[in-house]
Amino acid sequence: MGERADSAERTTVVAIDGPAASGKSTVSREVARALGWVYVDSGALYRGITWKALRAGVDVRDAGAVQKLLDRARWAFPVRDRTVVFTVDGEEPGDAIRGPAVRESVSDIAALPCVRAFVSARLREMRRYGPLVMEGRDIGTVVFPDADFKFYLDADPVERARRRARDLAAMEGAADLAQVRASLARRDTKDSTRRDAPLRVAADARIIDSTALTVDEVTARIVAAVRAGKGTA
Ligand code: CDP
């Protein structure tokens, strides 16, 4: 057991943090695929907990009620196709975690220290799955401050809103650019100003501004940096 824990602690982690709709998900998935490593979308855990709370009629700002939900529900995070999947009480929320109800409440639930402690512990346990590419807001700063590779992906707010509106239009049929921009800005403000693990750039993170870059270009930069760091380029 000790040996397994030791080798899990040495597992390579690529942390990719950044604000909403900065391209983290697409890029992180591609980086994981290129390296053959396991992909973890930490935001999906925060979104999944929000989804469960809304369905259970739990007030997302009531820390006591949310803590009870965390204690009582059965949370599991299996790996499928080299991707960590979120399930609660045997259910997979699927696309529902991208819908408007979750979108508008997730930053409130993510600000609760009990939720952050719960999610961070689960994320750290995932090291046992082997080398990881994990995206989020606090992966390089709080969850894995010792991550081998840290990237901070950013993009101009107008470009981020445009990208997210395009995703939403594909999912929901239409999206108003001004509304999308306002919603992203609300979430960015909450995520950067909360007391516990706010969104910020880790001192040793490499910042990539993806405003004028394609997904392939950003992916290639990250993969090259990781391979160079591991001496396998
Ligand atoms: O895809 P997008 O960038 O819009 O968001 P996400 O990565 O799915 O994260 C959704 C929300 O979860 C964020 O707005 C944060 O409030 C929260 N989150 C967090 O607090 N810490 C993380 N490591 C990941 C997400």
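**Exercise 1. The nonpolar core**

Identify the residues with the most contacts inside the largest nonpolar core, and state which elements give two or more residues to this core.

*Solution.* In this predicted model, the largest nonpolar core comprises 39 residues, and those with the most contacts inside it are Ile49, Trp75, Val115, Leu123 and Met126. The next step is to assign the core to elements: two or more residues come from each of β1, β2 (38–41), α3, α4 (63–72), α5, α6 (113–125), β7 and α7 (139–143). Among these contributors, α3 supplies the largest share of the core, six residues. As background, nonpolar side chains in soluble globular proteins tend to be buried together.

**Exercise 2. Strand β1 and its partners**

Determine how many residues of strand β1 are buried, and then describe in which sense β1 pairs with β7 and how many bridges join β1 to β8.

*Solution.* Begin with burial: strand β1 spans residues 13–17, and five of its five residues are buried. Taking the two faces in turn, Val13, Ala15 and Asp17 lie on one side and Val14 and Ile16 on the other, and all are buried, which leaves both faces covered. Turning to the pairing, β1 and strand β7 (residues 132–136) run in the parallel sense over five bridges, while strand β8 (residues 149–154) is joined to β1 by four bridges, again with a parallel course. Isoleucine 16 serves to illustrate both pairings, since its bridge partner in β7 is glutamate 135, and in β8 it stands opposite phenylalanine 151.

**Exercise 3. The surroundings of the ligand**

Establish which residues are closest to the ligand, which polar atoms of lysine 24, arginine 137 and aspartate 138 lie by it, and which element gives the most to its shell.

*Solution.* The ligand is surrounded by 20 residues, of which the closest are Arg47, Arg116, Asp138, Arg187 and Asp191. Three atom pairs can then be examined one by one. A polar side-chain atom of lysine 24 is 3.1 Å from an oxygen atom of the ligand; a polar backbone atom of arginine 137 lies 3.0 Å from a nitrogen atom of the ligand; and a polar side-chain atom of aspartate 138 is 2.8 Å from a nitrogen atom of the ligand. As for cover, the ligand on its own has 530 Å² of accessible area, and the protein covers 99% of it. Two or more shell residues come from each of α3 (42–55), α5 (100–110) and α9 (177–193), with α3 giving the most, four residues. By residue class, the shell contains six nonpolar, four polar and 10 charged residues.

**Exercise 4. Two residues with positive phi**

For alanine 21 and aspartate 81, state where each residue lies and decide whether each is buried or exposed.

*Solution.* The background to this comparison is that most residues other than glycine have a negative phi. Alanine 21, placed in the loop between β1 and α2, has a positive phi near 60°. Its relative accessible area is 9%, so alanine 21 counts as buried, the cut-off being under 20%. Aspartate 81, which is likewise not a glycine, has a positive phi of about 50° and sits in the loop between β4 (79–80) and β5 (83–84). Because its relative accessibility is 71%, aspartate 81 counts as exposed, for which the cut-off is over 50%.

**Exercise 5. Serine 28**

Locate serine 28 among the helices, and find how far apart serine 28 and alanine 15 are in space.

*Solution.* Serine 28 belongs to helix α2 (residues 24–35), and with a relative accessible area of 0% it is buried. Serine 28 and alanine 15 are 13 residues apart in sequence, and their C-alpha atoms are 9.0 Å apart in space.

Methods
Residues are numbered from 1 along each chain as its sequence is written. This is a predicted model: local features need pLDDT of at least 70, side-chain atom pairs count only at pLDDT 80 or more; totals for chains, interfaces and linings use all residues. Side-chain values use heavy atoms; hydrogens and water are left out. A residue is near a molecule or strand if one of its heavy atoms lies within 4 Å of it. A polar contact is a pair of N or O atoms within 3.5 Å; within protein, one must be able to donate a hydrogen and the other to accept it, and residues adjacent in sequence count only if both atoms are side-chain atoms. Accessible areas come from the Shrake-Rupley method with a 1.4 Å probe; for residues, only the protein chains shown count as cover. Ala, Val, Leu, Ile, Met, Phe, Trp, Tyr, Cys and Pro count as nonpolar, Asp, Glu, Lys and Arg as charged, and the others, Gly among them, as polar. Buried means under 20% relative accessible area, exposed over 50%, partly exposed in between (1.4 Å probe, protein chains only). Two strands pair if DSSP finds at least two bridges between them. A nonpolar core is a set of buried Ala, Val, Leu, Ile, Met, Phe, Trp, Tyr and Cys residues joined through side-chain atoms within 4.5 Å.
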